[in-house]
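The following exercises concern empty space and ligand contacts in a protein model. Each task is followed by a solution in steps.

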Amino acid sequence: MTPPSSLDVARDAYRAISLYAPNREPARIDVSDNTNLWGVPPAAERAVREVGTSTVTRYPSLYAPQLKAALADYLGVEPSMIVTGCGSDDVLDSAIRAFAEPGDRVAVPAPSFAMIPIFARMNGVEPVTVALTGACDVDADAMLATEARIIYLCSPNNPTGNALSRAAVERIVREAPGVVIVDEAYAEFSAAPSAVDFLGAHERLLVSRTMSKAFGLAGLRVGYAAGAPALVAEVEKSRGPYKINALAERAAVAALRDDMAWVRDHVAEAVANRERLSGELRALGLAPVPSEANFVLAPTPRGVALARRMRELGVAVRAFDDLGRDVPAFREAGGQGLRISVGPWAAMAETLAVLQTALGEL
Ligand SMILES: Cc1ncc(COP(=O)(O)O)c(C=O)c1O
């Protein structure tokens, strides 16, 4: 008897999902994934090196209480308002599962974080996309008009890099019929005020963050969200126990308690290099979107071809071909663009030199 094909046994909703598979081949310079190109903060690195075997043989804590306490201090909220996860990916996925029934809708700006429509489908939920406005801001009227069970916002937004306007975010938080998630993975690099400020007044708001970017711990997978205690308790049920491994919890707590000066110094350097990089891109004839994150997006109709050539020359940048022709900023570029992560200036200089070569050839 022939065994059933995987499609015969998979859930219907999974047929529309493909594996997330950006090109992760090693490159001489990798400025493609917005991680911390300065490395790991020192206390976190010590915690990783000094971990004992008893930490590894036993199960970790169920819901990472020490990490919650450190994160609560960092954000200035109560520990009961924090939920952690295996990366903020895990928190976002769990939140969609916690607050939407299969068949419900989640409203997502476009372009925005590519994983959200995937997490929606993984949970049997339908993603409804709403184009960003001319200034790459969120269209509050259109988002609210979806009447979606969950509204997802990302500020600063990936891949555009800009922070969404506070008035639009506040209006959505105030008027949305269901849960609003504000993804602040890049908040540390932004001068814009955080949606954490709205938490006291809004019980259906979840603000997600990560330690993968400013804190340099992407490989350990530590993400979290803040919200009203009753709201985060639902995300925690949906997330399940033991999702922060023992090594990750130790390193993350060490970073939050002892590495804040390192984090702040490198964020300041990233912000300075981001402005310098944006200026150099303009000098090459590109028009980068003003960024509040640790990356810069440059719309260009040759985005995909340029990224391919740059990779041949040893530099990995992230190309997009689906930024949306209905977003005015991307119309002329046919929806294509290059996203470049910000790092130490030596890496930026090499990236710019390789980009200039590729621009000259194509
Ligand atoms: C906007 C946004 N949210 C969430 C994530 C996921 O981060 P984590 O490493 O915490 O899963 C990313 C990663 O690139 C991101 O860009």
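**Exercise 1: The enclosed space**

The largest cavity has a volume of about 50 Å³. The model is predicted, so local features need pLDDT of at least 70 and side-chain atom pairs count only at pLDDT 80 or more, whereas totals for chains, interfaces and linings use all residues. Residues are numbered from 1 along each chain as its sequence is written, and side-chain values use heavy atoms, with hydrogens and water left out.

Task: State which residues line the largest cavity, and classify them.

Solution.
Step 1. On a 1 Å grid over the protein atoms alone, a cavity is a set of points where a 1.4 Å probe fits but cannot get out; lining residues have an atom within 4 Å of a point. The volume is the space filled by probe spheres set on the points, which are joined across faces, edges and corners.
Step 2. One cavity of 30 Å³ or more is counted.
Step 3. The lining of the largest cavity consists of Thr35, Asn36, Trp38, Phe189, Ala214, His266, Val267, Ala270, Asn294 and Val342.
Step 4. Ala, Val, Leu, Ile, Met, Phe, Trp, Tyr, Cys and Pro count as nonpolar, Asp, Glu, Lys and Arg as charged, and the others, Gly among them, as polar. This lining has six nonpolar, four polar and no charged residues.

**Exercise 2: The open space**

Task: Describe the volume and lining of the largest pocket.

Solution.
Step 1. A pocket is an open set of grid points with protein on both sides within 12 Å along at least five of seven lines.
Step 2. The largest pocket holds about 1200 Å³ of space. It is lined by 50 residues, of which Tyr20, Phe113, Ala114, Arg318 and Arg339 are the closest to its centre.
Step 3. By class, the lining of the largest pocket comprises 27 nonpolar, twelve polar and eleven charged residues.

**Exercise 3: The ligand**

Task: Identify polar contacts of the ligand (pairs of N or O atoms within 3.5 Å), and state how much of its area the protein buries.

Solution.
Step 1. A polar backbone atom of serine 88 is 2.6 Å from an oxygen atom of the ligand.
Step 2. A nitrogen atom of the ligand lies 2.6 Å from a polar side-chain atom of aspartate 183.
Step 3. In the side chain of lysine 213, an N or O atom is 2.8 Å from an oxygen atom of the ligand.
Step 4. The ligand taken alone exposes 390 Å² (Shrake-Rupley method, 1.4 Å probe), and the protein buries 92% of that.

How values were computed:
A polar contact is a pair of N or O atoms within 3.5 Å; within protein, one must be able to donate a hydrogen and the other to accept it, and residues adjacent in sequence count only if both atoms are side-chain atoms.
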